[in-house]
Structure formats: structure tokens, C-alpha cells
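Me: I would like to learn how to read side-chain features in a structure. Please take them in turn.

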Amino acid sequence: MTAEAAGTSVRASVTVDAPIAHAFSVFTEGIGNWWPSSHHIVDGVVEMVFEARVGGRVYDRLADGTESRWARVLVYDPPYRVVFSWDISSQFQIETDLDKTSEVEVTFVAEAPDRTRVVLEHSKLDRHGEGWEHHRDEVGARDGWQLLLDEFAKVAAASVRCLRCGHG
């Protein structure tokens, strides 16, 4: 699938060859296993952490132990839905003014016992202020959210295969 940018939102989706609970777990708690190293806003990331609860943080940990929080978990409803803030400015730097952050909602729908449809909507991008349209176009580009979802789907499907063959 491809991402669609419309108005103040970007929408992307992917079908994952994995049960819904597994897909949800890989997307959230396993985020560091599928998020490409090229898509960090700080250098030297050794770990990504997704705190699996409302009020939790999403952050990168650097080799020196420094943490760079770039999202807050707003809704955590496993295995169906997660919403997190996007605390990254239009210049792709950490945004500390929470009034200037957008939201990412990810829904998981079981299409079959071993197949899950994942839909991501990055909304309220206009909150980022001047330059928000460019920000929308960047996250909506082929190497934006769609690339991340495609990587996620590959890792989720591969980890299911590992579990089935006894290696996971």
C-alpha cells in the first residue's frame, strides 16, 4: 500500500501475516526491532523503548545512557489500537511545546486468525506550525510511514515464522 496525504493527515496501511496480538506486540513493545536506523532524529541510538501503557513514553536510548523522548502514549488498547503523540517538529527535532505536537493512531483489525490489517493515521499535523505542509509531505512520502509499516510487517511475519519453528 501507499501512504495518502490529505489535509492535515497522512494515512498508511499494511496487511501483516501475523495474528492480531502478535502484530500489536511487535509494533509497540518490539518497535526497536523494526524501526530503521535511518529514521532516528538523533545519532547513536542503541535501543528504542515503548512504554506499554497510557502515559508511557516512546524514546531512544543512546550509548551514553541519554534518553531522547519523542512520543507519549495517549491510548493503549491492546491488541486493537494505540495512539501516541508525535513530539517531533517540522524541522525533525524534539518538540517540547506539547501544543505543537501531532498524533499517530494505529489500529489493528484481524482479517483472519493469522492475518492483521494495520492502519496508521498521523493527524493534526497543522499543529506543528509554519512548515507543517512539508512535514506532512515528508511523513507521507514513500520513505516515511509507509516504509516503516512495510518494515514492521516483514519483522512481524518473520518473528511469527520463528515462533512456529521453535526459534523464537
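Reply: What follows covers salt bridges, aromatic pairs and two buried residues.

Reply: This is a predicted model, in which local features need pLDDT of at least 70, side-chain atom pairs count only at pLDDT 80 or more, and totals for chains, interfaces and linings use all residues. Residues are numbered from 1 along each chain as its sequence is written, and side-chain values use heavy atoms, with hydrogens and water left out.

Me: How many salt bridges does the structure hold?

Reply: Side chains of opposite charge can pair when their charged atoms come close. The rule here asks for a side-chain nitrogen of Lys or Arg within 4 Å of a carboxyl oxygen of Asp or Glu. By that rule the structure holds 16 salt bridges. One of them joins Glu 47 and Arg 61, with the closest N and O atoms 2.3 Å apart.

Me: Which parts does the pair of Glu 47 and Arg 61 tie together?

Reply: Helices (H or I, at least four residues) and strands (E, at least two) are DSSP runs, numbered from the N terminus. Glu 47 lies in strand 3 (residues 45–50) and Arg 61 in strand 4 (residues 57–62), so the salt bridge ties together parts 14 residues apart in sequence.

Me: Is Glu 47 buried, exposed or partly exposed?

Reply: Buried means under 20% relative accessible area and exposed means over 50%, with partly exposed in between (1.4 Å probe, protein chains only). Glu 47, at 35%, counts as partly exposed, and Arg 61, at 23%, is also partly exposed.

Me: Where do the partners Lys 154 and Glu 151 lie?

Reply: Both are in helix 4 (residues 145–165), 3 residues apart, which means a separation of about one helical turn. Their side chains meet in a salt bridge of 3.2 Å, N to O. Lys 154 is exposed at 53%, whereas Glu 151 is partly exposed at 24%. Some salt bridges share partners: Glu 47, Glu 51, Arg 53, Arg 57, Arg 61 and Glu 67 are joined this way into one network.

Me: How many aromatic pairs are there?

Reply: A pair of aromatic rings is described by the distance of the centres and the angle of the planes. Rings of Phe, Tyr and Trp (its six-membered ring) pair if their centres lie within 6.5 Å; planes under 30 degrees apart count as stacked, over 60 as edge-to-face and the rest as tilted. The count comes to 13 aromatic pairs. Trp 34 and Trp 35 form a tilted one, at 5.6 Å centre to centre and 50° between the planes. Trp 34 is buried at 3%, and Trp 35 is buried at 8%. Both belong to one aromatic cluster, whose members include Phe 50, Trp 70, Trp 86 and Trp 145.

Me: Which side chain does His 122 join in a polar contact?

Reply: A polar contact is a pair of N or O atoms within 3.5 Å; within protein, one must be able to donate a hydrogen and the other to accept it, and residues adjacent in sequence count only if both atoms are side-chain atoms. The side chain of His 122 joins that of Ser 102 at 2.7 Å. His 122 is found in strand 8 and is buried at 0%. Contact means heavy atoms within 4.5 Å. Leaving aside neighbours within four places in sequence, His 122 is in contact with residues including Thr 8, Trp 86, Glu 103 and Trp 145.

Me: Where is Asp 60?

Reply: Asp 60 is in strand 4 and counts as buried at 2%. A polar contact of 3.3 Å joins its side chain to that of Trp 70. Not counting residues up to four places away in sequence, Asp 60 touches several others, among them His 40, Glu 47 and Glu 67.
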